[in-house]
Amino acid sequence: MSHNSLVHRRIRTLLIATFTLFGLIVAQLFSVQVVRAGAISERAINELLKTSTLIAPRGVITDVNGVELARSVAAVNIVVDQTQIDNPKLTAKITSPILNIEEPELVALYTGNLKYKIIVKSAKPAMWIALQNGLMNYNKDVLQQRNGLAKRIIGFYSERGYVREYPTGMLASSLIGFINDEGVGASGIESSLNSELSGVNGQYVYENGAGTIIPGSAKIRTEAKAGTSIRLTVDRDIQWVAQDAISRVVKSSSAKSATVVVMDPKTGAIIAQASAPTFDPSKPITGKLDTIRNPAVQDVYEPGSTGKVITMAAALEEKKTTPNSVYTVPYSMRVAGSKFSDHEFHKTQRLTATGVLATSSNIGTIKIGQQLGSTTLYKYLRDFGIGENTGSHLPGESSGLLSPVTSWSGTSLPTFSFGQGYSVTAMQATSVFATIANDGIRITPTVVAGTTDASGNFLPTKDQKTKRVISSENAKEIRKMLESVVSVNGTAPTAAIPGYRVAGKTGTAMRFNADCSCYSGYTASFIGFAPADKPAFVVSVTIQDPKGIHWGGALGGPVFAKVMKFALQSAHIPPSTTKLKAYALKEADLKKSEVTK
Amino acid sequence: MTIYNQHSRRDKFRENFVGFDRLLTLSVAALLVMGTLLVYAATKSWFEAQGLDPQYYLKRHVINILIGGLLAYGTTLIDYRLLRAYTPIVWGLAVFGLVVVLIPGLGSEINGAKAWISFPGGFQIQPAELAKIGIIVGISMILAEKRDIDANPTDQDVLKALAIAAIPVALILLQPDLGTVVIISAAIVVMIGTSGAPTRWVVGLLLLAVMGGFTAVKMGVVSEYQIARLQSFVDPSADPQATGYQLRQSRITIGSGGITGKGLFNGPQTNGRFVPEQHTDFIFTVAGEELGFLGSGFILLCFGLLFYRSFTIARRTNDLFGRLVCVGVIAWLAFQTFENIGMTMGMVPMTGVPLPFISYGGSSMFANLIGLGLIQNVHLRTR
């Protein structure tokens, strides 16, 4: 075969071989793009579309005037895909000053095979923007270099979220509570109203590129629904005064804890509720978990003398006594084999019922209790809400302890008469006095004034449940009797507020200590209301286990006066114009006409 | 005199241009236009997202084409038969570049291969691309030397040609750049076959190439990176995040284009940068996704025309040297095209070779256009 024909044959072979290869490519292309296109496209879409959560902002908690006590502020989680970080050391060096994390720590965070690793939780959006800018500038420079595309630093993402801020700090922390790491309310209002505050998370889909959201591809599938905002009945300013006063008294008396409740007796609204010691909700909770409790509803104690009010109210309502009824009161007496005595020695006295209350005589109260009998006293204790949750909806609220009358012993009636043997929460004790201040009608306490949904509609809280316990006349009588307590001859002259008529009752109860199952220390309390003739506020002060002076009048009275005075002034309540026509305390002071027994 | 000279130069230019094979020029021009659009599509949205100049690669690509076009034109000016005299210089330069790239500090390593020489100012060249020309011209010279028009090359000629090729091929293997070695080997076998060398050589060399590839993998001449790519070809799901990932994504991207494609600049897979190296080695996936079967078919049609016309030129010439150069360039470009497109669809193992006239990359673009210039040169001088 000649050279030429050989060459031409070979070129022809080559031509055929070349176009055979091209035929194969065209066939494969047809198969991939036409025959199997549908299935392959679907896979592409699955690969592409990612779904992510759109976190709903939590509702705001405000005071009664709209001052923010807890709010959610936009924040981002900065996340990396470790598999996309080629050079952890270099990446750490560049990002360290922006993230404020030491380089070695960042190197550890960047190294590994995790597609999702949180680097900074709840960062300020500004940090994320600074990080993006920093990386963008770096990448811009590096792209000028050979193979710059491969040297870029990629793999950083942000997740939108929120952080909870408590602008007033520790001010009402035991009431408001805090949220845990997962954003769920862990105590206080944050916990009890968690489902309202939480809102509903939304969803968005985006097209996922090599490690980033493809610009413009994010679409919101379901909008996040912001949580309902809660307006509390609490007034920040009164709360501040209450918090300040209670913190000081805990410090000066070295008490274990103390709590103040300020209530509007007509509506049941809690105007302030402060406790000490307390915690800062914006910082992680460390140490004893005791501080996150809300002692006003979670701690129970035997009320002592403040409980005498119930005995007296019951006796008036049952017409067993009058403010001027006279009792023979020895220092001590024996009932059912046990000896009972007054807190201070005195010769046998002839006291009016008012005098019994004003001097807080145990013996006098026992005698009035005996007039009532166990069943009747038990009925009134129940009616005043003892042994029953107040319904304030504060988390962990205790019902207190009241044993049923069927299990009472011989000493129960005298003991229960003067407020020992059963236990209450500060909220329950406040409610008893609020009932008297509210003309005998008990009203369920509440801290929520209303809610504002995501669209801004305010929905006030429904009127609270009410229950008449004693008649309005008898409530008035008790109020007048309680005014004597604050008089010079009473147990709490320290609670007086110049210009206003103040009524109240001290309590200095033996404190049951769960640690030793014995009585040790005291609960010092003062609960009262003002103005006594037309009560605007009830304030209760409860101090647990003070060292040194432990009299309710001495410790609780000044706190009461300070808080009440501020509350009256900020509510523009005018000073009392009427004067108390005080009942006589002793038989000797009674005028002839007033002697009833 | 001056006027005459100017006139003659312009005349010569026009004569040259008109003398080009028009279909060949047109098909390459179409490929260059397609390539420009695809490089832009592959990089635009990503650079935009990064806050960079979205036309960064577009501009550089156009500059590469312009320089390459000038080089191609320059190649056609001198009669290729005179070019033979410069063959040893071209070959020597190719070997020199391949040696320099292996010297630490001068060559830069990317993906485990020392394939680039960097110059200050961000300018780099890839000597292996330009070495292809040196080898093709070198072998053509040896096989076409001093022979009667009707004589076939002897065993001695073939051995000499192989020796000429062996040095640069060995140097490229040292980088290692397996893809280029395979392409050059294909060109060598085709040229030896076309020269009229005994059939035993053609068959023997083909067998040798297959065995050589097998041994290279076994003996570890091929880097681990290359082996991983070969393994992922056999079983793409074995390592879906690394090398198999590339293949899987590449196939998905092409497939999602369907018949008409997603539209230029509108490919979500492309814009999401699922496929790595999309403006260079995997550029065909952009065509697949955004232009669909019609668009990528058009590219194949252009390549088909290019090769068909080149074969015609190779057949028509009576000069063995010109014919061998043509066939060498065709074999190189055709095999590289097949290797590149075949790789994106999982038909052949993955190797890092660019798609001729389409992919971004200066050295490759220059070499391709010089190759085109050589074919046009042969065509011009075939009367």
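Helices and strands here are DSSP runs, numbered from the N terminus, and that is how to read a label such as β22 (518–530) of chain A. With that in hand, P531(A) is easy to place: it sits in the loop between β22 (518–530) and β23 (537–544) of chain A. Bear in mind that this is a predicted model. The tour below starts with chain A's backbone, moves to where chain B meets chain A, and ends with a pair of helices in chain B.

**Backbone spots in chain A**

- The peptide bond running from A530(A) to P531(A) is cis, and its omega is near -15°.
- Another cis peptide bond links A276(A) with P277(A), this time with omega at about -5°.
- To find P277(A), look in the loop between β10 (270–276) and α11 (295–298) of chain A.
- S254(A) isn't a glycine, yet its phi is positive, at about 50°.
- That serine, S254(A), belongs to the loop between α10 (236–253) and β9 (257–263) of chain A.

**Where chain B meets chain A**

- On chain B, 66 residues are in contact with chain A, and they touch 47 residues there.
- Together the two chains bury about 5,000 Å² between them, with carbon and sulfur atoms giving 68% of that area.
- Three residues stand out on chain B's side: F293(B), F311(B) and R315(B) supply 13% of the area that chain B buries against chain A, more than any other three residues.
- Helix α13 (residues 283–316) of chain B brings 14 residues to the side that touches chain A, which is the largest share.
- Sorted by type, the residues on that side of chain B are 33 nonpolar, 27 polar and six charged.
- Looking for salt bridges across this interface? The rule finds zero.
- Polar contacts do turn up between chain B and chain A, in nine residue pairs.

**A helix pair inside chain B**

- Helix α6 (residues 127–144) and helix α14 (residues 320–344) of chain B have axes that come within 9 Å and cross at roughly 145°.
- The crossing of α6(B) and α14(B) is right-handed.
- From α6(B), the residues taking part include I133(B), I136(B), V137(B) and M141(B).
- On the α14(B) side, the residues they meet include F321(B), L324(B), V325(B) and W332(B).
- Overall, the contact of α6(B) with α14(B) is made up of twelve nonpolar, three polar and two charged residues.
- E129(B) and K132(B) are also among the α6(B) residues in this contact, while G328(B) and Q336(B) are among those from α14(B).

How values were computed: Residues are numbered from 1 along each chain as its sequence is written. Chains are lettered from A and ligands numbered from 1 in the order in which they are written. This is a predicted model: local features need pLDDT of at least 70, side-chain atom pairs count only at pLDDT 80 or more; totals for chains, interfaces and linings use all residues. Side-chain values use heavy atoms; hydrogens and water are left out. Contact means heavy atoms within 4.5 Å. Buried area is the accessible area (1.4 Å probe) that two parts lose on being put together, summed over both. A salt bridge is a side-chain nitrogen of Lys or Arg within 4 Å of a carboxyl oxygen of Asp or Glu. A polar contact is a pair of N or O atoms within 3.5 Å; within protein, one must be able to donate a hydrogen and the other to accept it, and residues adjacent in sequence count only if both atoms are side-chain atoms. Helices (H or I, at least four residues) and strands (E, at least two) are DSSP runs, numbered from the N terminus. Ala, Val, Leu, Ile, Met, Phe, Trp, Tyr, Cys and Pro count as nonpolar, Asp, Glu, Lys and Arg as charged, and the others, Gly among them, as polar. Axes are lines fitted to C-alpha atoms, for helices over the stretch in contact, and angles run from 0 to 180 degrees between N-to-C directions. A crossing is left-handed if the near helix is turned anticlockwise from the far one by less than a right angle, and right-handed if clockwise.
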